[in-house]
Amino acid sequence: MTSQVSKTVLRLEAEDVQTLKDGINFKKHPEDGKCYIIYKSKDKIRACRNQCKHQGGLFIKDIEDLDGRTVRCTKHYWKLNVATMEYVNPPDSFMQDELEAVLSDTDGSLELLELNPPDPWTAEPRESQELHAGEITLTYFTHACMELKAGNKRMMFDPWLTGPAFARGWWLLHEPPSEAMDRLSQADLIYISHMHSDHLSYPTLQRLSMKRPDIPIYVGDTSRPVFWYLEKSGVNLTNVNVVPFGVWQNVDEHLRFMILMDGVHPEMDTCLIVEYKGHMILNTVDCTRPNNGRLPHGVDLMMSDFAGGASGFPMTFHGGKYTESWKAGFIKNERKKLLNYKTQLVRSLQPKIYCPFAGYFTEAHPSDRYIKETNIKNSAADLNESIKKSCPNILTWTPLPGSVLDLALALQDPSNRSAITEPPKDTKIFKDSWDFNLYLDELNASISAEIFKYKSWIQYYYNWAGFKDYNLVIRVIETDDDFEPLKGGYDYLVDFLDLSFPDVRPERDHAFEEIKNRVNVMRHVVLNGRLWDDLYIGFSNRMSRDPDVYHHKFWNHFQTELPLSAPDWDAFLQKACVSSNGCVLS
């Protein structure tokens, strides 16, 4: 069985993209002549191959179409609504296989991407066998950490059991069961979905490595390795397995799993299908568009994120339109959109049981009180209520730490109360204390690192980062916890057009961002060559921009594409100490 890959089937340059009209567009590949349908609306581009799912006929313009959304097959007159990718004639028949449309905000080009093979889980099918009570159980621990027991094997998902994520911005909302770490160390295997620190938790893995460094860990073969920071972290894990996408991994004669990529972030995000005796569990984790939107229907259990709020936008922005009322309105609207999207996704996939997870975090540190009060997130109960209204036949599970779902009992009788075992009544559900100082002390230690005595660290660092030839100037200001400029801290400009460091903004037209960074997080990021997610997703910066445009190329570089090895600060210090250009702070 070959690995699943993502390939570009059609690319349109910016000038061709600009000629796309609102509504339906037919486009041919200039070399192989294959035809594609692109539907353009005010806020979205959707695309598919020009091929009917019935018997492969070509679609043409539908003369009966009044709203510019449907096309008609030349073979048997089947009709497709390209705005929704639903076949409307015959109704309730198929959904069209959609291509991922990626519009570049740097050069204006459009790429249509396709996953191949699209449905890898159909390879080597297995008949569904009868399950007995207790044969498959799922125990929820916290956030995205779930234990799956299938037969005599135990598999753990995304263990974040201690410490913060994103430097100091995210903290666990739920108190993990007291035996969680012991059960983690006794698992047969661990799946870690991606490199974000609420899923790849180095504080958790540090404790795990002291108990069992050789525990088998499985990750997908993303372009940026999930464990790119392992050596630098000092965590001793010796059995990390990188597996190809879309290929069954056999655990024993009954249990197997398959890792799939995300259509929007194939360089980073992954999701998972686990199968035991023909029964499937789908865990889409944080994927924006898991497997390009093609997922198995009717699985026994589906799990996904639900909360939203996993970004610094718009809470950390100021100036211009970013008033408190605008932020509140935007956040409320985004929550509603996410709730509706998840409800529609569950309705379309029709799992027998649905469980929202991977959203139980809180901005617990006192200095982030503003974020906590502003960054209102969806609740799992709200989402499950929406699903119940839309799909009353689907059993929903709102997990609490230590609660257990018995899959066999739930499938046999969804009304069986013993299918879900809740934690004892005296169980502590929500955390009310966090060991802030332990982790902030580590961040604060970076402030006094030797390299920051020399102003030339700035040039060295951004040359190491390697981002340039882009007409953006940033001003970076080091601040205290409350984002007040730090006395004696650095305040500098970087011009990414030529990677220079001017004293004043250049006179040419250019995009500009002012970024205030908490000094302990920024210096920790610089010193260790970490990604800027710690700053941006961790709410440790405040930003304004002119014009108010998201610079994807810049942020994508600093959030996913920095070099895999940290800057060589020893080499820097050797030069700085003997250079007359080394500007020592007083």
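# Domains, cores and rings in a predicted model

The chain of this predicted model is divided into domain 1 (5-116), domain 2 (133-434) and domain 3 (446-565).

Me: How many residues of domain 1 are in contact with residues of domain 2, and how many of domain 2 take part?
Reply: The centres of domain 1 and domain 2, taken over C-alpha atoms, are separated by 33 Å. Contacts between the two are nevertheless present, and counting the residues on each side gives 8 residues of domain 1 and 7 residues of domain 2.

Me: Between which domains does the largest nonpolar core lie?
Reply: In soluble globular proteins, nonpolar side chains tend to be buried together. Here the largest nonpolar core has 80 residues, and Phe-227, Trp-457, Tyr-461, Tyr-462, Ile-474, Phe-496 and Trp-532 have the most contacts inside it. Residues for this core are given both by one domain that spans 133-434 and by another that spans 446-565, so the core lies between domain 2 and domain 3.

Me: Which helix gives the most to the largest nonpolar core?
Reply: The largest nonpolar core holds 80 residues, and the element that gives the most to it contributes 6 residues. That element is α10.

Me: Which residues does Trp-457 contact, leaving aside its neighbours within four places in sequence?
Reply: Trp-457 is among the residues with the most contacts inside the largest nonpolar core. Once its neighbours within four places in sequence are left aside, Trp-457 is in contact with Ile-451, Phe-452, Glu-478, Tyr-490, Tyr-492, Val-526, Trp-569 and Phe-572.

Me: How many residues are in the second, separate core?
Reply: Apart from the core just described, there is a second one that includes Leu-115, Leu-255, Ile-353 and Ala-358. The number of residues in this second core is 64.

Me: How many residues apart in sequence are the parts that the pair of Phe-467 and Phe-496 ties together?
Reply: Among the 46 aromatic pairs of the structure, Phe-467 and Phe-496 form one that is edge-to-face, with 5.2 Å centre to centre and 65° between the planes. Phe-467 lies in the loop between α10 (457-465) and β28 (472-479), while Phe-496 lies in the loop between β29 (491-495) and β30 (511-518), so the pair ties together parts whose separation in sequence is 29 residues.

Me: Are Phe-467 and Phe-496 buried or exposed?
Reply: A residue counts as buried when its relative accessible area is under 20%. Phe-467 has 4% relative accessibility, and Phe-496 has a relative accessible area of 0%. Phe-467 is therefore buried, and Phe-496 is likewise buried.

Me: What is the angle between the planes of Trp-532 and Phe-558?
Reply: Trp-532 lies in the loop between α11 (519-528) and α12 (533-536), whereas Phe-558 belongs to helix α13 (residues 552-560), and the pair links these distant parts of the chain, 26 residues apart. Trp-532 is buried, with a relative accessible area of 0%, and Phe-558 is buried too, with a relative accessible area of 0%. The rings are 4.5 Å apart centre to centre and form a tilted pair, in which the angle between the planes is 45°.

Me: Over the ring of which residue does the charged end of Arg-505 sit?
Reply: A charged end can sit over an aromatic ring, as that of Arg-224 does over the ring of Trp-228, 4.2 Å from its centre. The charged end of Arg-505 is 3.8 Å from the centre of the ring over which it sits, and that ring belongs to Phe-512.

Me: How far is the sulfur of Cys-391 from the closest cysteine sulfur?
Reply: The structure holds 0 disulfides, and Cys-355, for example, is in none, as its nearest cysteine sulfur, that of Cys-145, is 12 Å away. Cys-391 is buried, with a relative accessible area of 1%. Its closest cysteine sulfur is in Cys-355, too far for a bond, and the distance is 16 Å.

Me: Where does Asp-469 lie?
Reply: Most residues other than glycine have a negative phi, and most peptide bonds are trans. Asp-469 has a positive phi of about 60° although it is not a glycine, and this residue is exposed, with a relative accessible area of 59%. Its place is in the loop between α10 and β28.

Key: Residues numbered from 1 in each chain as written. Predicted model: local features only at pLDDT ≥ 70, side-chain atom pairs only at ≥ 80, totals over all residues. Heavy atoms only, no water. Phe/Tyr/Trp six-rings, centres within 6.5 Å; stacked < 30°, edge-to-face > 60°. Helix = DSSP H or I, 4+ residues; strand = E, 2+ residues; numbered from the N terminus. Buried < 20%, exposed > 50% of the residue type's maximum accessible area, 1.4 Å probe, protein only. Lys NZ or Arg CZ within 6 Å of the ring centre and 35° of its normal. Core = buried A, V, L, I, M, F, W, Y, C linked by side-chain atoms within 4.5 Å. Domains from an automatic or database assignment. Contact = heavy atoms within 4.5 Å. Disulfide = S-S within 2.5 Å.
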